[in-house]
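Hi,

Here is the structure I promised to pass on. Have a look when you get a minute, and my notes are underneath.

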Amino acid sequence: MTKLLTKCCTAALLLAAVPACPQAGKIEVKKNLNYRQKVTPVKADHYLYSTFCASGKNVYNLKGFQVCGASGRVLDLRLSPAGSAFAVLTQSGKQTKVAIYDANTADKRIHDFSETTATAIAYSADSRRLFIAGADGSLQAYDTKTFEAVSHYQPGLIATCVAADSRGRFLAAAGRLSVAVMAAETGAVRTRLDMAADVNAVRFSDDGSMMGVLTADGQLTLYDSRSLTVSHTFSTLGAAVDFDFHPEGKYVAVATAANAITFINIMDAAETIPMSEPAGGISYLRFVRDGKGQVYLTNTATDALKYRQVTGLSPNYMRMMRQELLSRMEEWAKMRDDETEDEYRQRVNEDTRARQARLFEQEIATQLAGDMAMNASVSLGGYNPATGMMAVEFDNMPPIALKVPQEDAQDFMSGADLEFRDAVYGLTENDGFELIFANVYNRTTGKTYQFNNLDRKRNFLNIDDDFVPIELVQKSGMEEMRLNELRQKVVGQAQRDKLISEHTHIAVNTQGEADTDPAGRKVTNYKVGFTYTVDDKYSAHEDFPAGRYKVRESHAAESMLKIVTQAFENDFAKYIKAGKRVVVRITGSADALPITGTIAYDGTFGDIVDEPYHLNGDLSTVTVKKATGIKSNEQLAYMRAMAVKDYIGRSMTALNQMNTDYDVYVEVNSKAGGAYRRINVEFVFVDTF
């Protein structure tokens, strides 16, 4: 429960930090960075903020230094999403070739593929797969560590570009006049989309909810990736050189010419914002984040790579609404300690959920909107004596029709005389705000009139798509209560054994999660999470000491993992089903205490070389060898996660019959202390019900 409350509070703080409805429509460049190159980049790709680019036979880094001299002309370039390597597709005569290079050492070739008719390359979002399309219409997936072929696809076209979505579900291969969308896991072709012109680019949004296809006739078509139906179409985009989704998912940037970029508001096509590139030479365009989370637009230019931090784009209120609403509804749906099962079912059902969601939606929208009505320039429209409605108009949101008796109509002299009290706002379809309730006070007469549109219809939010069936919500709530009973039993025994005290706090959490499978079907996943905290003064005794990482060296971690083991031996054993997929997400953390010298590693988990993992939210790679030991806090935190993986593998052998994926996350805190050395684990049973 503690974790969920923290989650809701965090979301509320994020909402509070958002400026209320900034004026959009004008791009301002906050930072304009120009990284000079010796040649004009033709192909490019990036890892986080760093961009690699290619021209002719050579590949250059952001500083303009050559990092690769290939044997042929570079046709395509892809950086691993984990940043440790890059792939180049080159052509010499009629023959093409794909090679992998080390991203940190110049001209260090790691592997050459035997494929000699390659037409396109791409990495999977987790960097574990490299896709190579061939001139025979084939598409192969290779393991990026062994370089062995692991999957074979038949898109039914000769791909000129390939894209994978961020969650590893979908794979798109684009040919001259069509796009094949496949299930990444099985290779099954979901659908084939015919285009009116050659495809210049295909890309998925950061969250994987949208797929965009840019064609040579100057048209950008956006599809809902779940249904693969058209959601938006934008035309007259000039040469349609390249495009990218903004990370927040509200805007796309399109290079309409070699010297011009257009920002398009996906939710409100009337908002298009031009930006010029005086140097020309645009062939590549992407949004990237720097180490502080700031978003930049980067593009190739004549003899340069350009980075611009732009302002003027309004936030994605609908996404913020959805995230906060789901967080609040998750907490609301939990079974309370003082509730019986009958009382819980009466409180949490389809009708009460719909009412509660609408109330939360109004609260969140009002918080996001701020005092829009009071800050608006208000004017009065016409009065309709037949209906008794007075039109009240705002310069920052849609007008309202206020019920005013005919005898009072003459008292409305100016919009400036009106004061909007107890205002409630709602989101509109184009991601703006509208007033849905207010007590409107006329200062000239002292009278108050109520505007009430709280029951307005709004189907555009589609929040029901993110809700799981109510019977599964109820099931999850009651199972969490049983899990808490097990937690209390294990913690009580650990306290009696004097391994931990009341200063170690272990929390458990269960939750249904609406998702989309690789075939595009709506499914429900089941998440079971385990976390703990230890009061700071007791961390050294009950949690990991400095420099330690094995489970047995933390009584708190070991106690938590005993709960995990017992849970899946008993009540939760029913979720372990042969052949079904489970994702085990393990987070290891470390504090800022510097490591002096080297921490010995006994090789228990083998030598770890360039293994992908998530570092403070970004994908990266880690190497830990017995011969060199542990020298950084990132490595130490990773080893804590590996210790958990090893414990689970030895203690929960039933997972071996499932299709089990491990995702490792590492967090390194900026503060020192035992409170920042711990682990947690979450099991996501995919398509459980």
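Burial comes to 53% of the 689 residues in the protein chain. Keep in mind that this is a predicted model. The accessible surface adds up to about 30300 Å², and carbon and sulfur atoms own 48% of that.

On overall shape, the C-alpha atoms fill a box of roughly 90 × 75 × 45 Å along the principal axes. In secondary structure, the protein chain has nine helices and 41 strands. Its radius of gyration is 28 Å, close to the 26 Å that the globule rule gives for 689 residues, so the chain is as compact as a globular protein of that length. As for contacts with a separation of 6 or more, 56% of them link residues 24 or more positions apart.

Now for the strands, starting with S36. This strand covers residues 522–534, and 11 of its 13 residues are buried. Which strands does S36 pair with? One partner is S35 (residues 504–516), which runs antiparallel to S36 and is joined to it by 13 bridges. Within that pair, Ile-506 sits opposite Tyr-532 of S36. The two strands make a hairpin with five residues between them, and Gly-520 in the turn has a positive phi of about 90°. Another partner is S41 (residues 679–685), also antiparallel to S36, with five bridges joining the two. There, Lys-527 stands opposite Val-684 in S41.

There is also an open sheet of four strands that you may want to pull up. Its order is S14-S15-S16-S17, and the pairing is antiparallel. The edges are S14 (161–164) and S17 (189–194); each has a single partner strand, so one side of each is left without a neighbour in the sheet. On average, neighbouring strands in this sheet are turned by 15° against each other, ignoring direction. Looking at the S17 edge, strand S16 (residues 178–183) is joined to S17 by five bridges, and the two run antiparallel. Val-179 faces Leu-193 of S17 in that pairing.

Next, the cysteines. How many disulfides does a search of the whole structure find? It finds zero. Take Cys-68 as an example: the closest cysteine sulfur, in Cys-53, is 12 Å from its own sulfur, which is too far for a bond, given that a disulfide needs the two sulfur atoms within 2.5 Å. Is Cys-68 buried or exposed? Its relative accessibility is 0%, so Cys-68 counts as buried. Cys-161 has 13% relative accessibility and therefore counts as buried too, as the cut-off for buried is under 20%.

One last spot is Asp-417. It is located in the loop between strand S31 (400–403) and strand S32 (418–427). What does Asp-417 touch, leaving aside its neighbours within four places in sequence? The contacts are Tyr-441, Asn-442, Arg-443 and Thr-444. As a distance to check in your viewer, the C-alpha atoms of Asp-417 and Val-440 are separated by 10.0 Å, with the two residues 23 apart along the chain.

Cheers

Notes. Residues are numbered from 1 along each chain as its sequence is written. This is a predicted model: local features need pLDDT of at least 70, side-chain atom pairs count only at pLDDT 80 or more; totals for chains, interfaces and linings use all residues. Side-chain values use heavy atoms; hydrogens and water are left out. Buried means under 20% relative accessible area, exposed over 50%, partly exposed in between (1.4 Å probe, protein chains only). Two strands pair if DSSP finds at least two bridges between them. Axes are lines fitted to C-alpha atoms, for helices over the stretch in contact, and angles run from 0 to 180 degrees between N-to-C directions. The radius of gyration is taken over C-alpha atoms; the globule rule is 2.2 Å times the number of residues to the power 0.38. Contact means heavy atoms within 4.5 Å. Accessible areas come from the Shrake-Rupley method with a 1.4 Å probe; for residues, only the protein chains shown count as cover.
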